[in-house]
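The exercises below ask you to follow a few strands and one loop residue through a model, step by step. Please keep the sequence and the structure open beside you while you work.

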Amino acid sequence: MRYIDELEIKGKRVFIRVDFNVPMDDSGAITDDRRIRVVLPTINYCLDHGAKVILASHLGRPKGKSEPRLSLAPVARRLSRLLGKEVMFAPDCVGEEVEKIVNSMREQDVVLLENLRFHEGEEKNDESFGKKLASLCDIYINDAFATSHRVHASNVAITKFVKEKGAGFLMRNELEYFRKAMESPVRPFIAVIGGVKVSDKIKVLENLSDKVDKFIIGGFISLTFIKAMGYNIGNVEIEEEYVSIASKFMKKMKEKRIKFYLPVDYVIAQRMEPSAETKIVTFQEIPDGWTPFDVGPATTSLFSEALQNGKTIIWNGPMGAFEIDAFSRGTFAMVQFIANCHALTIVGGGDTDVAFQKVGQFANVSYISTGGGAFLELLQGKTLPAIKALEE
């Protein structure tokens with residue numbers, strides 16, 4: 001796979017697949033522009049080297065139909081401010097009008113195409129739609145790591161019809177940090193895994209079991225392991241078919257002498273509401289009718305001790321329902337511990353990303369991945385379709 005700085009782009013029409021799927025409020029104002037900012041190095045490199053820049057992204061889930069509320073027009077305005085120059089906005093992403101705009105571009109011009117998902121062909125990876133997108137450019141660059149696990153026209157089909165292709169700087173950062181952690185980690189290597197569904201994470205655990213020195217498990221997925229040990233987990237619906245898998249996995253970790261940390265206490269409540277009564281109980285004493293919504297204070301102390309000597313730390317998935325203050329302590333404590341570790345620290349997953357922002361520790365971690373699902377699939381050992389499409 002080649003990268004943008006290995007291609008001759010001067011005077012060329014460079015189509016960059018970006019991820020501008022930014023959050024917006026009810027009035028259409030962008031509430032967080034980080035996904036725009038992280039691709040500025042790639043865009044500015046193109047401008048500095050005299051390219052004609054064509055940007056394409058999706059926004060939301062319009063399901064193949066045009067929805068004004070999911071237009072990328074506000075993104076074009078924000079990008080204009082960030083670049084300090086006019087960004088033209090195309091009313092569609094294919095068609096005669098778009099072709100006219102692209103054909104009239106001069107060096108250092110920037111145009112943002114309308115939402116790719118306004119066309120059914122995007123999510124269907126339709127080759128004819130990919131060919132239309134490809135006709136707009138001389139060079140294709142993918143800098144949308146967060147969508148790399150999707151088989152869509154703008155990151156797979158289009159590559160069949162463009163002779164020169166490569167990845168942007170954001171994609172390079174994502175892959176290089178991941179490889180640094182997975183292929184040649186400084187040890188001890190610790191994986192912190194949380195979240196809700198154990199089915200999403202069991203393949204991650206299995207893939208990492210040959211690589212890590214310690215596992216730290218939190219969130220709802222820890223309850224599957226607690227049940228596998230024979231304890232009551234209260235009013236929690238878990239994927240029962242994974243209880244025996246969890247039991248076998250813990251046995252395997254014991255045989256391989258990989259340290260496997262589970263919560264020793266939980267914050268429980270009868271409902272997930274800010275006003276709900278809460279209690280702190282040990283993992284052996286979760287009563288019927290109550291639900292564990294966060295790890296408890298003894299667990300945060302245990303996990304902090306386990307992290308102390310870590311030299312490479314990967315974290316995916318929160319420790320609890322941190323959106324509610326009463327159930328946020330475990331996740332926020334973990335943010336503080338990891339932010340202050342003298343280690344290579346890599347965080348992935350949208351919820352975990354949000355936790356770092358809320359605590360104000362965004363700058364104190366080595367790398368925060370922009371991809372939730374894509375990062376998770378890399379942790380599972382999968383090859384991402386968009387990456388494979390770029391490999392020559």
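**Exercise 1.** In this predicted model, find which residue of strand 12 is the bridge partner of Ala269, and then describe the sheet in which strand 12 stands.

*Solution.* Step one is to go to strand 12, where Thr291 is the bridge partner of Ala269. Step two is to widen the view to the two strands concerned: strand 10, residues 265-269, is joined to strand 12 by four bridges, and the two run antiparallel. Step three places this pair in an open sheet of three strands, whose order is 11-10-12 and whose pairing is antiparallel. At the edges stand strand 11 (278-282) and strand 12 (291-295), and each has a single partner strand, so one side of each has no neighbour in the sheet. On average, neighbouring strands of this sheet are turned by 40 degrees against each other, with direction ignored.

**Exercise 2.** Work out how many residues of strand 7 are buried, which way their side chains point, and which strands pair with strand 7.

*Solution.* Step one is to count along strand 7, residues 189-193: five of the five residues are buried, so the strand is largely enclosed by the rest of the structure. Step two is to sort the residues by direction, and here a general rule helps. In a regular strand, side chains alternate between the two faces of the sheet. In strand 7, Phe189, Ala191 and Ile193 point one way, while Ile190 and Val192 point the other way, and all are buried.

Step three turns to the partners. Strand 13 (residues 312-316) pairs with strand 7 in the parallel sense over five bridges, and within strand 13 the bridge partner of Phe189 is Thr312. Strand 8 (residues 214-217) also runs parallel to strand 7 and is joined to it by four bridges, with Ala191 standing opposite Phe215 of strand 8. From strand 7 the chain crosses through helix 8 (residues 198-208) to strand 8, in a β-α-β crossover that is right-handed.

**Exercise 3.** Decide whether His58 is buried or exposed, and find what the side chain of His58 meets.

*Solution.* Step one is to locate His58, which lies in the loop between strand 2 (52-56) and helix 3 (73-83). Step two compares values: the relative accessible area of His58 is 4%, and buried means under 20%, so His58 is buried. Step three looks at the surroundings, where a polar contact of 3.2 Å joins the side chains of His58 and Arg17. Leaving aside residues up to four places away in sequence, His58 touches several others, among them Asp19, Phe20, Leu72, Asn115 and Thr147.

How values were computed
Residues are numbered from 1 along each chain as its sequence is written. This is a predicted model: local features need pLDDT of at least 70, side-chain atom pairs count only at pLDDT 80 or more; totals for chains, interfaces and linings use all residues. Side-chain values use heavy atoms; hydrogens and water are left out. Buried means under 20% relative accessible area, exposed over 50%, partly exposed in between (1.4 Å probe, protein chains only). A polar contact is a pair of N or O atoms within 3.5 Å; within protein, one must be able to donate a hydrogen and the other to accept it, and residues adjacent in sequence count only if both atoms are side-chain atoms. Contact means heavy atoms within 4.5 Å. Two strands pair if DSSP finds at least two bridges between them. Axes are lines fitted to C-alpha atoms, for helices over the stretch in contact, and angles run from 0 to 180 degrees between N-to-C directions. A crossover is right-handed if, with the strands pointing away from the viewer, the path from the first strand over the helix to the second runs clockwise.
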